[in-house]
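Student: I would like to learn how to read a protein model, one feature at a time. Could you walk me through this one?

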Amino acid sequence: MVIAFVRTIVLYLFIIAGIRLMGKRQVGELEPSELVLALIIADLAAVPMQDFGIPLLSGVIPILTLLAITMIISMLSMKSVKFRALLCGRPSIIVENGKLHQREMRKNRFTVDELMEELRMKGVTDISTVKYAILETNGQISVLPYSDQKPPIAADVNIQTTESGLPLVIINDGRVLEHNLKTRGYDEAWLGKQLQAHGAKTPKEVYLLTADEGGRVYFAAKEGQE
Amino acid sequence: MKRIWIALAILLAILAGTLAHSFYLAGFTRNLTVLLEQAEVHAEQEDWETAAKLTQDAYDRWQKKDLYLHITLRHDETDAIHIGLQEVAELIQCKEGGEYSAANARLIANLELMVEEEQLSLKNVL
């Protein structure tokens, strides 16, 4: 049984490293080729994990081969639009100016129920308010309402806003993130002042402290700390 | 582009490694087969001592590569060869001519099948 334990750890780390090397996109929405990769890798890894009569290498070699092929395909699809279209297909417009493109829906085997579900999930209940609904190559639906159906933004109503920028975590569960502190241009003295201002003596009493580019600080004390 | 070259290099390295393994295995088992066949010739001439030496030599060579073979081949196949080598060695000790010949032929066939499985051929791919 110890073999199963060790093999599982080795294969798990190997796959995580491989998927990580493929890039972030691989982890999120899956294109058809990526879905195939995920399914095959899962199966390939499971066999040598359970069957000790099979050498680990016979699981590792196919996985490594698949990852290398996927890497090549990813790079080629990034370089060539034609190759990308061939591999991943093209987005399909299934609603245009409030009208359903039934032929496109049939072509993509996309049912009305699925469309209504996707629209509801995006807060749309009336198809006639949709300018475009596009079935993307990863199977997700992008819904673009008519401009008069879009929620207004600050610029539309001429409201002046200030840019707060990205808040960086300075203290995370009692730990000071020195790199973020320096990135924001602050030092220990500034941090000491912030702690004092919020009634904390040490960073260990803080659950979360963030600072944005405008100098605004968010403070949350650790619960259960006096 | 660098990633494509790295991926291609990995694929080529895997291909080269697996082909090298096939060639090495073919050569390695050919040597073992020659030793076992020579042992059988000697056994047929009632020269059990030389037959035992040759079989022991084959066994030692197999044992030397045990780790490599265990890593690259199915364990039931390597176990079958290991058991076969011990079986023929024991039959030589007992000077059981008929049974030895059958066991030796089975062992050689197992070795050949094992190598054949690893060769890049249309039959194996299909």
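Tutor: Let us go through confidence, sheets, aromatic rings, cores and one loop residue.

Student: What should I know before I start?

Tutor: This is a predicted model, in which local features need pLDDT of at least 70, side-chain atom pairs count only at pLDDT 80 or more, and totals for chains, interfaces and linings use all residues. Residues are numbered from 1 along each chain as its sequence is written, chains are lettered from A and ligands numbered from 1 in the order in which they are written, and side-chain values use heavy atoms, with hydrogens and water left out.

Student: What is the average pLDDT of chain A?

Tutor: The term pLDDT is the predictor's confidence in each residue, from 0 to 100. Chain A averages 84, and 91% of its residues score at least 70. Confidence in chain A is lowest in helix H1 (residues 2–22), with a mean of 71, and highest in strand S7 (residues 206–211), with 94. Helices (H or I, at least four residues) and strands (E, at least two) are DSSP runs, numbered from the N terminus.

Student: How do I read a sheet, and in what order do the strands S1, S2, S3 and S4 of chain A come?

Tutor: Strands of a sheet pair through backbone hydrogen bonds, either parallel or antiparallel. Two strands pair if DSSP finds at least two bridges between them. In chain A, four strands make an open sheet in the order S2-S1-S3-S4, with antiparallel pairing. Its edge strands are S2 (99–100) and S4 (141–145) of chain A, each pairing on one side only. Strand S1 (residues 92–96) and strand S3 (residues 130–135) of chain A are joined by four bridges in the antiparallel sense. For Ile93(A), the bridge partner in S3(A) is Ile134(A).

Student: Which strands does helix H6 of chain A touch?

Tutor: Contact means heavy atoms within 4.5 Å. Helix H6 (residues 112–121) of chain A packs on the sheet and touches S1, S2, S3 and S4 of chain A, its direction making about 60 degrees with that of S4(A). Such axes are lines fitted to C-alpha atoms, for helices over the stretch in contact, and angles run from 0 to 180 degrees between N-to-C directions.

Student: Which strands stand at the edges of the sheet S6-S5-S7-S8 of chain A?

Tutor: This open sheet of four strands has antiparallel pairing. Strand S6 (175–176) and strand S8 (217–221) of chain A stand at its edges, each with a single partner strand, so one side of each has no neighbour in the sheet. S7(A) and S8(A) pair over five bridges in the antiparallel sense, and Leu209(A) stands opposite Phe219(A) in S8(A). Helix H8 (residues 188–197) of chain A lies across S5 (168–172), S6, S7 and S8 of chain A, at about 120 degrees to S7(A).

Student: How many aromatic pairs are there over all chains?

Tutor: A pair of aromatic rings is described by the distance of the centres and the angle of the planes. Rings of Phe, Tyr and Trp (its six-membered ring) pair if their centres lie within 6.5 Å; planes under 30 degrees apart count as stacked, over 60 as edge-to-face and the rest as tilted. The structure holds five such pairs. One of them, Tyr186(A) with Trp190(A), is stacked, at 3.9 Å centre to centre and 5 degrees between the planes. Another, Tyr24(B) with Tyr68(B), is edge-to-face, at 5.4 Å and 85 degrees. Tyr24(B) lies in helix H1 (residues 2–44) of chain B and Tyr68(B) in helix H3 (residues 66–72) of chain B, 44 residues apart. Ring pairs also link Tyr24(B), Phe28(B), Trp62(B) and Tyr68(B) into a cluster.

Student: Is Trp190(A) buried or exposed?

Tutor: Buried means under 20% relative accessible area, exposed over 50%, partly exposed in between (1.4 Å probe, protein chains only). Trp190(A) counts as buried because its relative accessibility is 15%. Tyr24(B), at 33%, counts as partly exposed.

Student: Which helix of chain B gives the most to the largest nonpolar core?

Tutor: In soluble globular proteins, nonpolar side chains tend to be buried together. A nonpolar core is a set of buried Ala, Val, Leu, Ile, Met, Phe, Trp, Tyr and Cys residues joined through side-chain atoms within 4.5 Å. The largest one has 28 residues, and those touching the most other members include Leu36(B) and Trp62(B). H1(B) gives the most, with eight residues.

Student: Where is Gly89(A) found?

Tutor: Gly89(A) is in the loop between helix H4 (81–88) and S1 of chain A. The C-alpha atoms of Gly89(A) and Thr137(A) are separated by 6.1 Å, although the two are 48 residues apart along the chain.
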